[in-house]
Amino acid sequence: MPKKLAVAILNWNGKNWLEKFLPSVVSFSQDADIYVIDNLSTDDSVAFVQTHFPAVKIIKNTQNYGFAGGYNEGLKEINNEYYCLLNSDVEVTENWTDPVLELFEKDASIAAIQPKILSFNHKTFFEFAGAGGGLIDNLGYPYCRGRVFDDVEEDLGQYDDETEIFWASGCSFFIRSKDFWEQKGFDERFFAHQEEIDLCWRLINSGRKTFYTGKSKVYHVGGGTLNKQSAQKTYLNIRNNLSMMLKNLPFPKLIWLIFFRLCLDGIAGIYFGLKNGFPHLWAVVRAHFGFYGQLPGTWKLRQNHQKSNFYQSKWLIFRHFLGGKH
């Protein structure tokens, strides 16, 4: 019989990460079934897991589906009540699953949960991807408690609480399997980046909740597949963010906000080009055309109801870059 929780690690040529971090997952996840979902790796990471961690179950995808599609494919073979989607570059801590499972059991309206995410390389600081729980502003820009754009806070216990958030980070993403499949999983067109925000937004529009617990913590390296300076990451983040807003925003807000964001992205493209080089400027242009190409399919995926009170902060980009809000 499966345990209530399945920890699923998506892998693509990640033997080095598995060597470093899988031991902590095995040691501190006795209450869970552990899976490695392999996205058709060409290194010997699967053989490594089979040899050194025979209790870890292997699911082999037939191609590299990316983050979103890779999990959608692999999770079809996992029947546990709860999933934890865990990046391969995450170090977990003792009893890290206990507070999460307690929250799930206590409140049936909670669909997804994120633990506190700290930096593996600077362990007293929050990590970029998730920090103390994900939020969003009125222009659709994601940020976190403990991280605004590229600025991160030191962990001084300010986010040791348990509270409702807007989105949970995909690097350590707990979700009820029932909710995952009722939403038809991740949007595979995203490939990677912001697919977890889109899923949480769809959950909220469906009347479900996403929570954060500071009683559980993990340490994330970050940038294991695409680092923050990658032009491809710029492309995916901008394209996927626009598609996410088109899917999930209430119609009265949709028209002006998408138009305003396209203008802001043009300014951002010039900034990225001056700061990081032409490939980043071109990534913004490609992202817009990628968004236009997906637009008919994205429109068909809109739900019947979108909540109008979706944001937690207003005009964050102006308050950050012009007003010094960090």
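**Figure 1. Helix α1 gives the largest share of the lining of the largest cavity, with 5 residues.** This is a predicted model, and the search for cavities of 30 Å³ or more turns up 1. The space inside comes to about 40 Å³. Around it you'll find I9, W17, L18, F21, L22, V25, L86, N87, S88 and V90. Sorted by character, the lining has 8 nonpolar residues, 2 polar ones and no charged ones.

**Figure 2. Helix α3 is largely enclosed by the rest of the structure, because 9 of its 10 residues are buried.** The helix runs over residues 66-75. If you want to pick out the buried residues, look for G66, F67, A68, G69, G70, Y71, N72, G74 and L75. So what covers them? Strands β1 (5-11), β2 (32-38), β3 (57-60) and β4 (82-86) are among the covering elements, and helices α5 (177-182) and α6 (195-205) are too.

**Figure 3. F67, Y71, Y83, F173, F180, W181 and F186 come together in one aromatic cluster.** Two members of this cluster, F67 and Y71, are also on the list of buried residues in α3. Across the model, the tally of aromatic pairs is 26.

**Figure 4. F48 and F53 make an edge-to-face aromatic pair.** Their ring centres are 6.0 Å apart, and the planes meet at 70 degrees. Are these two residues buried or exposed? Both F48 and F53 turn out to be buried.

**Figure 5. Two charged side chains sit over tyrosine rings: K123 over Y219 and R261 over Y141.** For K123, the charged end is 4.7 Å from the centre of the Y219 ring. For R261, the charged end is 4.1 Å from the centre of the Y141 ring.

**Figure 6. N13 and Q194 each have a positive phi without being glycine.** Start with N13, where phi is near 50 degrees. You'll find N13 in the loop between β1 and α1 (15-27). With a relative accessible area of 29%, N13 is partly exposed. Now go to Q194, where phi is about 70 degrees. Which elements flank the loop that holds Q194? That loop runs between α5 and α6. Q194 counts as buried, because its relative accessibility is 10% and the cut-off for buried is under 20%.

Key
Residues numbered from 1 in each chain as written. Predicted model: local features only at pLDDT ≥ 70, side-chain atom pairs only at ≥ 80, totals over all residues. Heavy atoms only, no water. Buried < 20%, exposed > 50% of the residue type's maximum accessible area, 1.4 Å probe, protein only. Helix = DSSP H or I, 4+ residues; strand = E, 2+ residues; numbered from the N terminus. Contact = heavy atoms within 4.5 Å. Phe/Tyr/Trp six-rings, centres within 6.5 Å; stacked < 30°, edge-to-face > 60°. Lys NZ or Arg CZ within 6 Å of the ring centre and 35° of its normal. 1 Å grid on protein atoms, 1.4 Å probe; cavity = no way out; pocket = protein on both sides within 12 Å on 5 of 7 lines; lining within 4 Å. Points joined across faces, edges and corners; volume = space filled by probe spheres on them. Nonpolar A, V, L, I, M, F, W, Y, C, P; charged D, E, K, R; others polar.
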